[in-house]
Amino acid sequence: MGDIKRIGVLTSGGDAPGMNPSIRAIVRKGIYHGLEVFGIKRGYEGLIHGEFQAMQLGSVADIIHRGGTILMTARCADMKTEEGQYEAVKQLKLHGIDALVVIGGDGSFRGAQTLAGRGINVVGIPATIDNDIPGTDLTLGFDTAVNTVLEAVSKIRDTATSHERTFIVEVMGRNCGSIALQAGLACGAESIIVPEVTFQIEEVIRKLLQGHQRGKNHSIILVAEGAGSAYEIGAKIKLKTGFDTRVTVLGHLQRGGSPSAVDAVLASAMGGKAIEILLSGASERMTAYVNREVVSLPLEVAYGPRPSFDKVLYDLANELAI
Ligand code: ADP
Ligand code: F6P
């Protein structure tokens, strides 16, 4: 078990469904193995300001099915400064914390890396709806977000069909088109627009007109936020086709909701793995889902090159949407 006796856990960056079951796993497995576990509120903001709370088995009761994060989360500019990092380490030492689990995206991992550079054992758990962290096939929250988009689009499709309208639906993902691609394929979108593939609005319009000619009375176009504004795309389509066009920006509803079974299981497995990593004495690691297995990788993998966009799936989606 090495020298690790007391650990901290925090959630940082954008929240993601799966953070809660992950916290639960860390607390329960940590206590099972004789560790003391402290929750740190509001990510690095709370760390720097000493917002620590001792976690018991009951502290994580009734949260496995809840979206968001009971520890709350924040974006903290101070953590990017030398002073902030110094304060963070000071607080960890003051509270006798030997190791820290950081649940968040690659930015949060960079914060963890700076703490490792100052002698703190750290493990990262990848959690963001964007699924944009190198090294892991899945990040916590992605599966739930895709299912949320799917549910929303199927409702939009009902009204789109009834009114014979073209809908442009904008989804999140920052610079990554994974949510748009997966949800777009799953809902049979007529076009999927992602930042990874250069798109021509003329081609989108050509497909719309072609569909119209063979009697299609409605269309759904999914746009990843990183690829451009759905409002601008919608305006161009309306201008060139004259079709009755509407825009829906799904926004933050994609970040909420109960974690899907995939996310709840993955979150539990990654939380458990994080404890195993710390108990083995390792540090500067991240948990990752690779080939249907939860594994440990060097934290720095998260800042490496992104895996190439799934062009095969993208091309298939286009072929199926003729
Ligand atoms: P995510 O973790 O989802 O990628 P952010 O990029 O907003 O989200 O990062 C979350 C937080 O992690 C930031 O608000 C900051 O506190 C910390 N952080 C991000 N980048 C760094 C960095 N280079 N050095 C130290 N801390 C960082
Ligand atoms: O990283 C998760 C994410 O939801 C992105 O998809 C989106 O671009 C961003 O966070 C939104 O950030 P905020 O909640 O700060 O508006």
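## How H1 and H9 cross

In this predicted model, helix H1, spanning residues 19-32, packs up against helix H9, which covers residues 261-279: their axes come within 7 Å and cross at roughly 40 degrees. Because of that angle, H1 counts as oblique to H9. As for handedness, the crossing of H1 and H9 is right-handed.

## Who touches whom

So which residues in H1 meet H9? On the H1 side, they are Pro-21, Ser-22, Ala-25, Ile-26, Lys-29 and Gly-30. Facing them from H9 are Ala-264, Ala-267, Ser-268, Gly-271, Gly-272, Ile-275 and Glu-276. Sort the contact between H1 and H9 by class and you get six nonpolar residues, five polar ones and two charged ones.

## The sheet

Next up, the strands. Seven of them make an open sheet, with mixed pairing. Reading across, the order goes S3-S2-S1-S4-S5-S10-S11. At the edges sit strand S3 (52-55) and strand S11 (293-298), and each of these pairs on one side only. Going from one strand to the next, the twist averages 30 degrees.

## Zooming in on S1 and S2

What is the sense of the pairing between strand S1 and strand S2? Strand S1 (residues 6-11) and strand S2 (residues 36-40) run parallel in their pairing, which extends over four bridges. For a spot to click on in the viewer, try Gly-8: it stands opposite Phe-38 in S2.

How values were computed: Residues numbered from 1 in each chain as written. Chains lettered and ligands numbered in written order. Predicted model: local features only at pLDDT ≥ 70, side-chain atom pairs only at ≥ 80, totals over all residues. Heavy atoms only, no water. Axes fitted to C-alpha atoms, helices over the stretch in contact; angles between N-to-C directions. Helix = DSSP H or I, 4+ residues; strand = E, 2+ residues; numbered from the N terminus. Parallel < 35°, antiparallel > 145°, perpendicular 65-115°, else oblique. Left-handed = near helix turned anticlockwise from the far one by under 90°. Contact = heavy atoms within 4.5 Å. Nonpolar A, V, L, I, M, F, W, Y, C, P; charged D, E, K, R; others polar. Pairing = 2+ DSSP bridges.
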